[in-house]
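The following paragraphs lead the reader through a single protein model, beginning with its overall division and proceeding to its details. The reader is invited to keep the structure in view throughout.

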Amino acid sequence: MTGLTIENVSARYGAAEVVTDVTLDVPRGDLLAVLGPSGGGKTTLLRVAAGLHPAASGRVSVDDVIVTDVPPERRGVGLVPQEGALFPHLNVARNIGYGLGRANRPWRGGAREEHRRRVEELLDLVGLPRVGDRKPSALSGGQQQRIALARALAPRPSVVLLDEPFSALDAGLRASLRADVRTLLREQSVAAVLVTHDQTEALAMADRLAVMLDGRIAQVGSPEEVYGRPASVAVGEFVGEAIVLEAEAFGDCAQTPLGKVQLVSPGHGVGRVLLRPEQIEVGAAPTKCPAAGSFTVRDTAFGGAHSEVRVEGMGIAVRALCTTLHGLQAGDPVTVSVRRPVPFYPGG
Ligand SMILES: Nc1ncnc2c1ncn2[C@@H]1O[C@H](COP(=O)(O)OP(=O)(O)OP(=O)(O)O)[C@@H](O)[C@H]1O
C-alpha cells in the first residue's frame with residue numbers, strides 16, 4: 001500500500017532554508033508523527049506535502065504519482081489545520097460539503113442526494129450524526145476538530161495531514177479524541193502525518209516517529225526505538241525526560257556516577273549515556289555499613305501508578321520513577337542502579 005512519499009525535499013522562505021533534504025515514506029493505514037521544537041520546520045514540511053508551499057528541491061508523491069507540481073485540490077491530500085479551521089458563516093454540513101469541492105458547480109442527476117448522503121456518512125464517521133445544521137460556534141473545540149477531520153476526509157483522500165490538531169483542547173479531551181482519530185484514520189486506510197510538539201501525543205499515536213530538529217529529520221523509527229535508542233543526545237532530550245551522565249565505556253559496559261551500566265551497543269572511551277527516569281532502580285541501603293559513594297533520598301512524591309524519588313550523591317541529583325516508594329523518606333540512604341542497557345554517545 002503506497003501512500004505519501006517525500007524525497008529529498010528542501011523548502012525556503014526567501015533565502016532562509018527551513019526544511020533541508022527531508023525523506024519520509026508513509027504507507028496507507030500508517031500514522032507518522034513528526035515531532036520537533038517550535039520553528040523546526042514541521043508546518044512548512046506539511047505545507048509542501050499539501051502543495052501550499054513550493055519545494056525548493058526534491059519531490060512529493062501520492063500513491064506513486066509525483067505531485068510536486070500538482071495544485072493542492074488535485075493531490076488527494078486532506079489537511080486538518082490547527083484550531084479555527086472551519087468557516088464560521090457556514091453550517092457544519094456546508095463546511096463538510098466544501099471539502100467535497102461542490103462550490104459553484106451545478107447539481108446534476110442524483111448529485112444533490114449523493115452529496116447529502118456523503119455528508120451524513122461523514123458526520124456518522126466522526127461520531128456527530130445530528131449537528132449538520134449547527135454553526136461551528138455552537139460546537140465544542142473537540143467537536144469542531146472532528147468536523148475539520150470530516151471535511152478533510154470528505155473527498156476520500158489517500159493522505160491526511162494533521163497540523164497540531166488537538167493543541168487547543170484540554171488534556172482529557174485530547175487523549176480521548178486522539179484515540180478516536182487514530183482508529184478512524186486506520187479504518188479509512190489513509191496515510192496520515194501528524195505534526196506535533198507534544199511528545200506524549202506523538203508517542204501514543206505514531207506507528208513511526210520522525211524527530212525534526214533545525215529543518216532536518218534527526219531520526220525516524222518506531223516510538224519505542226526513538227525513545228529507547230535515540231540517535232543523539234539532542235533527540236533523546238526532546239523525546240521524553242532524559243538523564244544524561246558522563247561515562248567511560250569499555251566494550252559492553254560503561255562506568256557512570258550511577259555505577260556500572262550496560263550499553264545497548266559496545267563503545268569505547270569517554271562520552272555520555274542517556275537514560276530514562278523509569279530505568280533507575282532505587283533500593284534501601286544497608287544501614288549498618290552503607291557503601292561508600294551511596295546515595296540519599298532528597299524527597300519523594302507519591303503519584304499512584306508511578307511515584308517519584310529524587311536522589312542525590314556522587315555529585316549528581318536524579319529523578320527516578322518507581323512503581324512503589326518502599327516506605328522511603330527524605331534523608332534515607334539508598335542504593336541506585338540502572339535497569340536495561342542504555343545508549344552511549346562518544347565524545348567529551
Ligand atoms: N511565512 C513565513 N515567512 C518567513 N519565514 C517563515 C514563514 N513561516 C515560517 N517561517 C519560519 O520558518 C521556520 C520554520 O517554521 P515552521 O512553522 O515550519 O516551524 P514549526 O516546526 O511548524 O513550528 P511550530 O511548532 O511553532 O508551528 C521558522 O523559523 C519560522 O520563523
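In this predicted model, Glu312 of strand S15 stands opposite Ala317 in strand S16. This pair of residues offers a point of entry into the sheet to which both strands belong. S15 and S16, the latter covering residues 316-322, run antiparallel and are joined by seven bridges. Two residues lie between the strands in their hairpin, where Met314 takes a positive phi near 50°.

On its other side, S15 (residues 307-313) pairs with strand S14 (residues 295-301), again in the antiparallel sense, over five bridges. Here Thr300 stands opposite Val309 in S15. The hairpin of S14 and S15 has five residues between the strands, and Gly304 takes a positive phi near 75° in it.

These pairings form part of an open sheet of five strands, ordered S13-S17-S14-S15-S16, with antiparallel pairing. In general, the strands of a sheet pair through backbone hydrogen bonds, in either a parallel or an antiparallel manner. Which strands stand at the edges of this sheet? They are S13 (280-284) and S16; each has a single partner strand, so one side of each is left without a neighbour in the sheet. From one strand to the next, the twist averages 40°.

The wider plan of the protein may now be considered. The domain assignment gives domain 1, spanning 4-238, and domain 2, spanning 243-346. Taken over C-alpha atoms, the centres of domain 1 and domain 2 are separated by 40 Å. Where the domains touch, five residues of domain 1 are in contact with six residues of domain 2. The side of domain 1 that touches domain 2 comprises two nonpolar, two polar and one charged residues.

A further part of the model is the surroundings of the ligand. The residues around the ligand are Tyr13, Val18, Gly36, Ser38, Gly39, Gly40, Gly41, Lys42, Thr43, Thr44 and His197. By class, this shell divides into two nonpolar, eight polar and one charged residues. Which helix gives the most to the shell? Helix H1 (residues 42-50) does so, with three residues.

Attention may next turn to Val77, which lies in strand S6 (residues 77-80). Why does Val77 count as buried? The reason is that Val77 has 27 C-beta neighbours inside 10 Å, while 20 or more suffice for a residue to be called buried. Apart from its neighbours within four places in sequence, Val77 is in contact with Ala49, Ala50, Gly51, Val62, Pro157, Val159 and Leu161. By contrast, 49 Å separate the C-alpha atoms of Val77 and Thr256, which are 179 residues apart along the chain.

Helix H2, covering residues 92-99, also contributes buried residues, namely Val92, Asn95, Ile96, Gly97 and Gly99. What covers these buried residues of H2 includes helix H3 (111-125) and helix H4 (141-153).

Conventions. Residues are numbered from 1 along each chain as its sequence is written. This is a predicted model: local features need pLDDT of at least 70, side-chain atom pairs count only at pLDDT 80 or more; totals for chains, interfaces and linings use all residues. Domain bounds come from an automatic or database domain assignment. Two residues are in contact if their C-beta atoms, placed from the backbone, lie within 7 Å. Ala, Val, Leu, Ile, Met, Phe, Trp, Tyr, Cys and Pro count as nonpolar, Asp, Glu, Lys and Arg as charged, and the others, Gly among them, as polar. A residue is buried if 20 or more other C-beta atoms lie within 10 Å of its own, exposed if 12 or fewer, and partly exposed in between; C-beta atoms are placed from the backbone. Helices (H or I, at least four residues) and strands (E, at least two) are DSSP runs, numbered from the N terminus. Two strands pair if DSSP finds at least two bridges between them. A residue is near a molecule or strand if its C-beta atom, placed from the backbone, lies within 6 Å of it. Axes are lines fitted to C-alpha atoms, for helices over the stretch in contact, and angles run from 0 to 180 degrees between N-to-C directions.
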